[in-house]
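Thanks for coming, everyone. I would like to take a few minutes to walk through one model, starting from a single cysteine and working outward from there.

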Amino acid sequence: MKATNSPTEPKSAHDRLLAAAEALFYEEGLNTVGIERVIERAGVAKASLYSNFGSKDELIRSYLATRQQGRQARLQAKLSQYHLPRDKMLGVFDYLEELLGQPSFRGCAFMRAGNESKPGSSVREVCDDARRWMLTLFTDLAREAGAPQPEALAQQFVILYDGALISAQMDGNAAAAVQARAMASGLLDAALGG
């Protein structure tokens, strides 16, 4: 009888390489993990890496793009629980609180990757896209909430979001998202005249 892969186990070499990249790059960093370790963890031949991704940089770019797609889906699912734009804006910090509470949390993958990548690289481009997406999300929600200066309010929310991530990673501040949410609520009240 032939063994089958479990539903959670990646099947293709492409998926196994991405899963290995996710685990190793997030845990240890992009520059400290050599391609041989990714290949070994994925259980594939070196040729599989190059036929699927072409280079380590492309594997990193794909890992980050996949991570961003997952983050967007999880965050949108969380925000679908709220009905008012104001609640959705604050709901981003509820999502962040859940993220920071995970034992595997090692900081923001995009901040870390951005720090390790060269300006203008495809890796930095994915990191920049992830940041623009978050700013756009906050801007759209601020506009829907009726904020008179949605872009300015959104930028303040991004600063709070980033600060909570850094505080949790660098200081071990498990309450960072809760604290950022309280500050965001005050900013919203001031912006909306409430």
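Let me begin with Cys108, which counts as buried because its relative accessible area is 10%, where buried means under 20% relative accessible area, exposed means over 50%, and partly exposed lies in between, all with a 1.4 Å probe and protein chains only. Before going further, I should say that this is a predicted model, in which local features need pLDDT of at least 70 and side-chain atom pairs count only at pLDDT 80 or more, while totals for chains, interfaces and linings use all residues. Residues are numbered from 1 along each chain as its sequence is written, and side-chain values use heavy atoms, with hydrogens and water left out.

Which cysteine sulfur is closest to that of Cys108? It is the sulfur of Cys127, at 8.0 Å, which is too far for a bond. Cys127 is itself buried, at 3% relative accessibility. With a disulfide taken as a pair of cysteine sulfur atoms within 2.5 Å, the count comes to zero disulfides.

Both of these cysteines bring us to the second largest pocket, since Cys108 and Cys127 are among the residues closest to its centre, together with Phe110, Met111 and Arg131, out of 16 that line it. The terms here come from a 1 Å grid over the protein atoms alone: a cavity is a set of points where a 1.4 Å probe fits but cannot get out, a pocket is an open set with protein on both sides within 12 Å along at least five of seven lines, and lining residues have an atom within 4 Å of a point. The second largest pocket holds about 180 Å³ of space, a volume being the space filled by probe spheres set on the points, with grid points joined across faces, edges and corners. Helix 7 (122-145) is one of three helices that each supply at least two lining residues, the others being helix 6 and helix 8, and helix 7 gives the largest share, six residues. Helices here are DSSP runs of H or I with at least four residues, strands are runs of E with at least two, and both are numbered from the N terminus. By class, this lining divides into nine nonpolar, two polar and five charged residues, where Ala, Val, Leu, Ile, Met, Phe, Trp, Tyr, Cys and Pro count as nonpolar, Asp, Glu, Lys and Arg as charged, and the others, Gly among them, as polar.

The largest pocket has a volume of about 310 Å³, and it is lined by 16 residues, with Arg67, Arg74, Tyr95, Leu99 and Gln102 nearest its centre. Its lining takes at least two residues from each of helix 4, helix 5 (85-100), helix 6 (109-116) and helix 8 (150-171), and it comprises nine nonpolar, three polar and four charged residues.

There is also one cavity of 30 Å³ or more, with about 40 Å³ of space in it. Among the residues that line this cavity are Phe25, Tyr63, Arg112 and Glu116, and helix 6 supplies the largest share of the lining, four residues.

Stepping back to the whole chain, we have nine helices and zero strands, and 42% of the 194 residues count as buried. The largest nonpolar core, meaning a set of buried Ala, Val, Leu, Ile, Met, Phe, Trp, Tyr and Cys residues joined through side-chain atoms within 4.5 Å, has 61 residues, of which Leu59, Leu64 and Phe138 touch the most other members. Helix 7 gives the most to this core, with 10 residues.

If contact means heavy atoms within 4.5 Å, then Leu59, leaving aside neighbours within four places in sequence, is in contact with Leu17, Leu18, Ala21, Phe25, Ile35, Val38, Leu49 and Phe53. Ser62, in helix 4 (residues 56-79), is buried at 11% relative accessibility, and with the same neighbours left aside Ser62 is in contact with Leu18 and Phe53.

Finally, is Lys88 buried or partly exposed? Lys88, in helix 5, counts as partly exposed because its relative accessibility is 22%, and, not counting residues up to four places away in sequence, Lys88 touches Leu79, Tyr82, His83 and Leu141.
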